[in-house]
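Q: Please take a close look at a single part of this structure, namely its disulfides and their surroundings. A connected account would be appreciated.

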Amino acid sequence: MLSEVGQCLIVLMLLFNTDANPTESQMDVEAHTGPYLSDHDITNVTTQVGTHAYLPCKLTIPGQLQMKQLGNKSVSWVRVRDDHILSVDRMTFIADERFQSHYVESTSVWTLQIKYVQARDAGVYECQVSTEPKISAQVHLNVVVPRTELVGDAVRYVKAGSKVILRCLVRGALEPPSYIMWFFGIQQIYQDNKRGWKIQMEREFLDPEMGNHTTVGSLIINVARKRDSGNYTCSPSNSEALTIMVHVINGEYSASAITSASSTKYSDLIASAVIISVAMFKT
C-alpha cells in the first residue's frame, strides 16, 4: 500500500515540478539578468514629409525597479548613415533641434522624436544600450513625399470670353493637404476675390493598396479676359508648387496663334531630325 502511494507522489512531483524541465521561454527570461531590448529585428516607421516622426525603442528591465535597475547604463540613438550620435539618454548631441529623445518609465520605451520630417531624414536609426556587450535595435524611417501634377499643359492658349478651369493634383500623400492655394503672379487668389474666380479642393480617393490620397485643386475663371493672361500657381500645403502660363487671346486670332505655336514646335522637331540624320550620315 505504501509503495503505491509513493509511486503516486512521484508522478505528481514530475507533473507539477516546472523547475525540473524549464520551458524555452523561462530559460530566455532567466538568461536576461540585466536590461535588454524587446525586439532585435528592424522596425519600420513611415511618415510624411513635414510631419513628426516617432521612432520607438522598447527597453525591458527585469523586476520592478525600472530606472534604478538600469543604473549607469545609457541609451543612445545613432544615425546609421554617418554614425552620428543624436542623443544619449535625454541629452541631445546634434545641433538640429528637431531631434529629441524621450523616455516613458511606465512603458520602458525610449522614443526618438524628429520634428518636421524632411526627405533627407529617411534611413536607418539605431538604439543602443551601453551594456557589455552592447545591445542594439534598428528602426528604418520611410519618408513619403507627395508630388504635385498639372492636369493639362503648363502653357495654355484660351479664347477671350471662354470658361477656363485650371487643375492640379496632389498624389501619394498619407494625409491630404490641408489647403491648396492659388496665385496670380505673386498675388494670392482668395475665395471672395473681385473677379469672381472660384477655388475648389476635392479629395478624390484613397488608394487601398498604397494607402495614400489624391487631391484635386481647381481654379475656375468663368469669363476669361485679356487682363487675365499671366502665371497661375497651384501651391498645396504638403507638396511643391507648380505654375501654369495662360495666354488669353482674341477670338479672331486664337486659331492662328495656336496653329502658329504648333507649327513652330513641329518645325523645331523637323530641324532636329535633319541635324541628327546629317550627323549620322557623316559618321
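**Disulfides and the strand β18 region**

A: In this predicted model, strand β18 (residues 230–236) runs antiparallel to strand β19 (residues 242–249), and 5 bridges join the two. Within this pairing, Y232 of β18 has I244 in β19 as its bridge partner. Both strands belong to an open sheet of 5 strands with mixed pairing, in the order β12-β19-β18-β14-β15. Its edge strands, each pairing on one side only, are β12 (155–159) and β15 (187–189). On average, neighbouring strands of this sheet are turned by 30 degrees against each other, direction ignored.

Strand β18 also takes part in a disulfide. The sulfur atoms of C168 and C234 lie 1.9 Å apart and form this link, which is right-handed, with 55 degrees about the S-S bond. Because C168 lies in strand β13 (residues 164–173) and C234 in strand β18, the pair ties together parts that are 66 residues apart in sequence. C168 counts as buried because its relative accessibility is 0%, and C234 counts as buried at 0% as well.

The count comes to 2 disulfides. The other pair is C57 and C127, with sulfur atoms 1.9 Å apart. Their link is left-handed, with -65 degrees about the S-S bond. C57 lies in strand β3 (residues 53–60) and C127 in strand β9 (residues 123–129), so this pair ties together parts that are 70 residues apart in sequence. Both C57 and C127 are buried. With the bonded cysteines of the chain numbered in sequence order, the pairing reads 1-2, 3-4.

Terms used:
Residues are numbered from 1 along each chain as its sequence is written. This is a predicted model: local features need pLDDT of at least 70, side-chain atom pairs count only at pLDDT 80 or more; totals for chains, interfaces and linings use all residues. Side-chain values use heavy atoms; hydrogens and water are left out. Two strands pair if DSSP finds at least two bridges between them. Helices (H or I, at least four residues) and strands (E, at least two) are DSSP runs, numbered from the N terminus. Axes are lines fitted to C-alpha atoms, for helices over the stretch in contact, and angles run from 0 to 180 degrees between N-to-C directions. A disulfide is a pair of cysteine sulfur atoms within 2.5 Å. Buried means under 20% relative accessible area, exposed over 50%, partly exposed in between (1.4 Å probe, protein chains only).
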